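Hello,

Here is the structure I promised to pass on to you. Please open it first, and then read my notes below alongside it.

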Amino acid sequence: MHTEQVIAASRQLCKEMEQLTFSAPVAYTYNPLTYAREGHEAYIRRFATGPKDVLYLGMNPGPFGMAQTGVPFGEIAAVTLWMGITAPIGQPPTMHPKRPVQGFSCMRSEVSGRRLWGLFEEMYGTAERFFEHAYVANYCPLIWMSESGANITPTQLPREQVAQVDAACRRHLVRLIEILQPSCLIGVGGYALRQLELAAAELPERNFTLGTILHPSPASPAANKQWPERPRQQLREIFAAADLQHLM
């Protein structure tokens with residue numbers, strides 16, 4: 001039941017994303033929920049199988065992670081070797097030559113995904129043990145690039161374009177929380193935490209423990225110096241506040 005509900009919510013989000021258009025500085029938009037649907041839904045079917053204690057939220061896909069596999073923070077080695085997922089992956093209608101979608105044949109490593117899933121593997125051993133109590137999602141499924149192929153984050157979009165993205169993505173996030181019923185919401189980075197705070201405000205009847213961990217991006221000097229010690233300490237503090245110490 002939970003699995004099919006999450007899939008239905010994902011397909012609705014995909015439908016809404018496909019109706020959006022973007023202008024400068026955006027030159028290319030990839031939607032993995034469309035061309036990498038088989039990978040994304042394989043992830044849902046394997047791990048969104050029931051209520052969770054914890055929901056981790058990222059911002060949007062990376063070019064060598066979810067863009068290739070359909071899995072949030074989907075570094076290929078982590079997805080195939082740790083999660084046991086492989087799937088046929090298509091391609092977006094138009095691709096930047098510097099950012100091809102090669103699916104599970106992509107040879108590039110997504111550092112953020114390698115760090116995040118590596119942390120969970122160190123903490124829990126198997127993917128099954130981690131996902132028994134937790135789930136990982138992205139707030140927004142889209143990837144935007146400029147003419148040069150440079151990544152464009154949601155915060156860099158014009159205000160009117162951000163508004164249309166947020167409307168659909170927040171509805172999906174609230175729905176995901178309703179389905180999975182987590183009591184602890186953790187943003188991977190400050191942007192994701194803010195989206196969780198806004199979603200939680202739409203569910204005033206629920207009590208949540210909210211927190212954030214350091215974003216694992218190699219563009220972050222703090223992550224390069226403090227990973228994985230800092231996020232492990234942050235999780236220790238969050239789980240203590242949520243009375244989930246057993247998850248450490």
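N138 sits in strand β3. This is a predicted model, so please read everything here in that light. With a relative accessible area of 9%, N138 is under the 20% cut-off and therefore counts as buried. Leaving aside residues up to four places away in sequence, N138 touches L57, G58, M59, N60, P61, M66, P72 and F73.

Now to the sheet that β3 belongs to. Four strands make up this open sheet, in the order β3-β2-β6-β7, and their pairing is parallel. At its edges are β3 and β7, each of which pairs on one side only. Direction ignored, neighbouring strands are turned by 20° against each other on average.

Have a look at β6 next. How many of the residues of β6 are buried? Five of its five are, so to speak the strand is mostly covered. C184, I186 and V188 point one way from β6, whereas L185 and G187 point the other way, and all of them are buried. On one side, β2 (residues 54–58) pairs with β6 in the parallel sense over four bridges, and V54 has C184 as its bridge partner in β6. Strand β6 (residues 184–188) also pairs with β7, again in the parallel sense, over five bridges. Within that pairing, C184 is partnered by T209 of β7, L185 by L210, and G187 by T212.

In a regular strand, side chains alternate between the two faces of the sheet. Strand β7 (residues 209–213) shows such an alternation. Which of its residues are buried, and which are not? T209, G211 and I213 point to one face and are buried, while L210 and T212 point to the other face and are not.

The helices come next, starting with α8. This helix lies across β2, β3 and β6, and runs at about 160° to β2. Its end C-alpha atoms are 31 Å apart, which agrees with the 32 Å that its 22 residues should span at 1.5 Å a residue.

Two packed helices are described by the angle between their axes and the distance between the axes. For helix α1 (residues 2–18) and helix α8 (residues 159–180), the angle is about 180° and the axes are 10 Å apart. Because of that angle, α1 is roughly antiparallel to α8. On the α1 side, the contact is made by H2, Q5, V6, A9, S10, L13, E16 and M17. On the α8 side, the contact is made by V165, A168, C169, R171, H172, R175, L176, I179 and L180. By type, the residues of this contact divide into 10 nonpolar, four polar and three charged.

An α-helix has 3.6 residues a turn, so residues three or four places apart point the same way. That is worth keeping in mind when you look at the list for α1. Its buried residues are H2, T3, V6, I7, A9, S10, L13, C14, E16 and M17. What covers these buried residues? The cover includes α2 (32–35), α3 (37–47), β3 (134–138) and α8. As for its length, α1 has 17 residues and reaches 24 Å from its first C-alpha to its last, close to the 24 Å expected at 1.5 Å a residue.

A few backbone details are left, and you may want to find them on the screen.

Two peptide bonds ahead of prolines are cis:

- The bond from A24 to P25 is cis, with omega near 15°. P25 lies in the loop between α1 and β1 (28–30).
- The bond that joins W227 and P228 is cis as well, with omega of about 5°. P228 is in the loop between α10 (221–226) and α11 (229–241).

Two residues have a positive phi although they are not glycines:

- Q181 has a phi of about 55°. Q181 comes just after α8, in the loop between α8 and β6. Its relative accessibility is 42%, which means that Q181 counts as partly exposed.
- D243 has a phi of about 60° and lies in the segment after α11. Is D243 buried or exposed? At 58% relative accessibility, D243 counts as exposed.

That is what I have for now. Do write back if you would like to go through any part of this together.

Best wishes

Note on methods. Residues are numbered from 1 along each chain as its sequence is written. This is a predicted model: local features need pLDDT of at least 70, side-chain atom pairs count only at pLDDT 80 or more; totals for chains, interfaces and linings use all residues. Side-chain values use heavy atoms; hydrogens and water are left out. Axes are lines fitted to C-alpha atoms, for helices over the stretch in contact, and angles run from 0 to 180 degrees between N-to-C directions. Helices (H or I, at least four residues) and strands (E, at least two) are DSSP runs, numbered from the N terminus. Angles under 35 degrees count as roughly parallel, over 145 as roughly antiparallel, 65 to 115 as roughly perpendicular and the rest as oblique. Contact means heavy atoms within 4.5 Å. Ala, Val, Leu, Ile, Met, Phe, Trp, Tyr, Cys and Pro count as nonpolar, Asp, Glu, Lys and Arg as charged, and the others, Gly among them, as polar. The expected span of a helix is 1.5 Å times one less than its number of residues. Buried means under 20% relative accessible area, exposed over 50%, partly exposed in between (1.4 Å probe, protein chains only). Two strands pair if DSSP finds at least two bridges between them.
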